[in-house]
Amino acid sequence: MHSQKNKISLLILIMFSLVIFPNASFAANWVETSTGNIQSLRSIVKSGENLVAVGSGGKIIYSKDGVVWKESASQAVAWFFKVKKQTNGNLLAIGQSGLSVESSDNGLTWSQISFGITKDIFDFETKGITGY
């Protein structure tokens, strides 16, 4: 009887996996790639045709294919913790010591903005631009 339960559990797990991951071969297509001199990536988002990632040292990178990455124009030097797409379509990246930058061109260029916050911002709600 115990063996029957294990078989049913395995069958349910397989069925669940096929529903959630219908193209189970996606992991076979992963390629290791270099992100340059970024020590740590903290967040990634899709915007238009670009994947946009943020991380240590104020670095922001973008890629159209997830293999070749280019560094975005950002003057930030503190750590980024999160990047999300806002309801207006712009990207907002936030981080250490209230660091906030915004992009209206899918992550290619960034402008510094201020919410008047000097503490680290780890996440924010995308229904508005309120950090917490």
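Rings of Phe, Tyr and Trp (its six-membered ring) pair if their centres lie within 6.5 Å. In this predicted model, a search of the whole structure by that criterion finds one aromatic pair. The exercises below treat other contacts and the strands.

**Exercise 1.** Determine which strands stand at the edges of the open sheet.

*Solution.*
Step 1. The open sheet is formed by four strands in the order 5-6-7-8, and their pairing is antiparallel.
Step 2. An edge strand pairs on one side only, and this holds for strand 5 (80–85) and strand 8 (111–112).
Step 3. Within the sheet, strand 6 (residues 91–95) and strand 7 (residues 100–103) are joined in the antiparallel sense by four bridges. Ile-94 has Ser-100 of strand 7 opposite.

**Exercise 2.** Show what the salt bridge of Glu-49 and Lys-64 ties together, and classify the exposure of both residues.

*Solution.*
Step 1. The cut-off for a salt bridge is 4 Å between the side-chain nitrogen and the carboxyl oxygen. The side chains of Glu-49 and Lys-64 meet at 3.6 Å, N to O, in a salt bridge.
Step 2. Glu-49 belongs to the loop between strand 1 (41–47) and strand 2 (50–55), while Lys-64 belongs to the loop between strand 3 (60–63) and strand 4 (70–71); the pair therefore ties together parts that are 15 residues apart in sequence.
Step 3. A residue is exposed over 50% relative accessible area. Glu-49 has 56% and is exposed; Lys-64, at 58%, is also exposed.

**Exercise 3.** Describe the salt bridge of Lys-59 with Glu-71 in the same manner.

*Solution.*
Step 1. The closest N and O atoms of Lys-59 and Glu-71 are 3.3 Å apart.
Step 2. This pair links distant parts of the chain, with Lys-59 in the loop between strand 2 and strand 3 and Glu-71 in strand 4, 12 residues apart.
Step 3. Lys-59 is partly exposed at 22% relative accessible area, and Glu-71 is partly exposed at 47%.

**Exercise 4.** Identify the contacts of Lys-84 with Asp-123 and with the ring of Phe-124.

*Solution.*
Step 1. Lys-84 and Asp-123 meet through their side chains in a salt bridge of 2.8 Å, N to O.
Step 2. Lys-84 lies in strand 5 and Asp-123 in the segment after strand 8, so the pair ties together parts that are 39 residues apart in sequence.
Step 3. The charged end of Lys-84 also sits over the ring of Phe-124, 5.3 Å from the ring centre.
Step 4. With a relative accessible area of 21%, Lys-84 is partly exposed.

**Exercise 5.** State how many salt bridges a search of the whole structure finds.

*Solution.*
The search finds three salt bridges.

Terms used. Residues numbered from 1 in each chain as written. Predicted model: local features only at pLDDT ≥ 70, side-chain atom pairs only at ≥ 80, totals over all residues. Heavy atoms only, no water. Phe/Tyr/Trp six-rings, centres within 6.5 Å; stacked < 30°, edge-to-face > 60°. Lys NZ or Arg CZ within 6 Å of the ring centre and 35° of its normal. Pairing = 2+ DSSP bridges. Helix = DSSP H or I, 4+ residues; strand = E, 2+ residues; numbered from the N terminus. Buried < 20%, exposed > 50% of the residue type's maximum accessible area, 1.4 Å probe, protein only.
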